[in-house]
Amino acid sequence: MTTKLYDLDSHCRVFSAQVLSCSPAEGGKWHIILDQTAFFPEGGGQPADQGTLGSVHVLDAREKGEAIVHITDGPLTPGETVTGELDWPLRFRRMQCHSGEHVISGLAHSLYGCTNVGFHMGENEVILDFDKELTPQQLSHIEDLANQIITENRPVTAEYPAPEVLAELDYRSKLDLTENVRIVTVAGCDVCACCAPHVSCTGEIGLVKLLDSMRHRGGIRLWMVAGRLALEDYRVKQENVAAISAALSVQQPQAAQGVARLKNELQEVTLALKEARQALMAEKAKTLPATEGNLCLFETDLDAGSLRTLANAGMEKCGGICAVFTGSDQAGYRYVIGSRTVDLRAKAKELNQALGGKGGGQPTMIQGSVTASRADIEAYFA
């Protein structure tokens, strides 16, 4: 049995322990069991701790019966006493996020009757799933209250209530638990069954920020950050806003307006360019030679509309197939092919097989792409 020091003190980051066993595992790793540990194994949606045991690195930790198995990159000698040290910045960041999640989930439950049905803690964000939809206004209200609770520095406690006490306790839980239930309480905000280590007071969370939301399985999925992750998220976004405002020569609060203006200008230029290309193709079509055979044309950087314009004009000038390609030998070619006399839908399979392509369409016109070179394409249609 391994004594769970993280249960007794979530802020224990350095400890001494005796090695009970050490056995080799797959991939050159080792499984080590101690008489006591501060390393939290993966559970409750929170990843396992990392750190060191003496001279070896703890890469993962898992619960096996009443023991905690530490997965390390090297062996230790059974019977020796070692010093364990957590990667504390990583652990504390996770505690901030997990405790912040409890505050958000507790408020969603008490204010709007939402049940937390999913929780995932990633490296850069936390994902929450609730069984009911919430409006943007409701989410803002939850976020405001959560940060107010954080500034009030309310106590966060963890305990194992006696069975008779647990039976009378109103608490959140995804499972139907009856014994050895660890209850984490955020004073005046949330009571929830949870096995993970948490902060000791809400002030340690720092802040919580809801990043995004979407409808999910009849409810809502939220993305959030807390504490150190929230600061890092803010820094990344601040750097992006600063770069955008500098590039557009606008003040940072007007960065979004600057992007919208640039987008509108780009759309206008793109439309004008498209119209000019189509007009150019219409003029070019007038110069196409009449032939009883095929026409195979190559143009630079044409959009789909211009390809079709040229293909339609070529269909009127040839007795076979008019094939229009744009691209390069290195990047491949896109095509639009038309014909009044050949069933192109039936022809598409043969054509794509011969030219390393894919695509299809109607009997009179098909479109797609090929990987063949220009020389091979011209030889095919010759």
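The following questions and answers go through strand pairing, one buried residue and one open sheet in a predicted model.

Residues are numbered from 1 along each chain as its sequence is written, and side-chain values use heavy atoms, with hydrogens and water left out. Because the model is predicted, local features need pLDDT of at least 70 and side-chain atom pairs count only at pLDDT 80 or more, whereas totals for chains, interfaces and linings use all residues.

Colleague: How many bridges join S2 to S3?

Modeller: Strands are DSSP runs of E with at least two residues, numbered from the N terminus, and helices are runs of H or I with at least four; two strands pair if DSSP finds at least two bridges between them. Strand S2 covers residues 14-24 and strand S3 residues 30-34, the two running antiparallel, and they form a hairpin with 5 residues between them, where Gly 27 in the turn has a positive phi of about 70°. Pro 24 has Trp 30 in S3 as its bridge partner, and the number of bridges joining S2 to S3 is 5.

Colleague: Which residue in S7 does Ile 33 stand opposite?

Modeller: S3 is also joined to strand S7, residues 67-72, by 4 bridges, and these two strands run antiparallel. The residue in S7 opposite Ile 33 is Val 69.

Colleague: Does Thr 72 count as buried or exposed, and why?

Modeller: Thr 72 has its place in strand S7, and, leaving aside neighbours within four places in sequence, Thr 72 is in contact (heavy atoms within 4.5 Å) with residues including Trp 30, Ile 32, Leu 53 and Val 58. A polar atom of its side chain lies 2.6 Å from the backbone oxygen of Gly 74. Buried means under 20% relative accessible area, exposed over 50% and partly exposed in between, with a 1.4 Å probe and protein chains only; because the relative accessibility of Thr 72 is 0%, this residue counts as buried.

Colleague: Which strands are the edge strands of the open sheet with the order S9-S10-S15-S14?

Modeller: This open sheet is formed by 4 strands with antiparallel pairing. Each edge strand pairs on one side only, and the two are S9 (116-121) and S14 (208-216).

Colleague: What angle does the direction of helix H3 make with that of S14?

Modeller: S14 pairs with strand S15, residues 219-226, in the antiparallel sense over 8 bridges, and Ser 213 stands opposite Leu 222 in S15. Helix H3, residues 136-151, packs on the sheet and touches S14 and S15. Axes are lines fitted to C-alpha atoms, for helices over the stretch in contact, with angles from 0 to 180 degrees between N-to-C directions; for H3 and S14 the angle is about 150°.

How values were computed:
A polar contact is a pair of N or O atoms within 3.5 Å; within protein, one must be able to donate a hydrogen and the other to accept it, and residues adjacent in sequence count only if both atoms are side-chain atoms.
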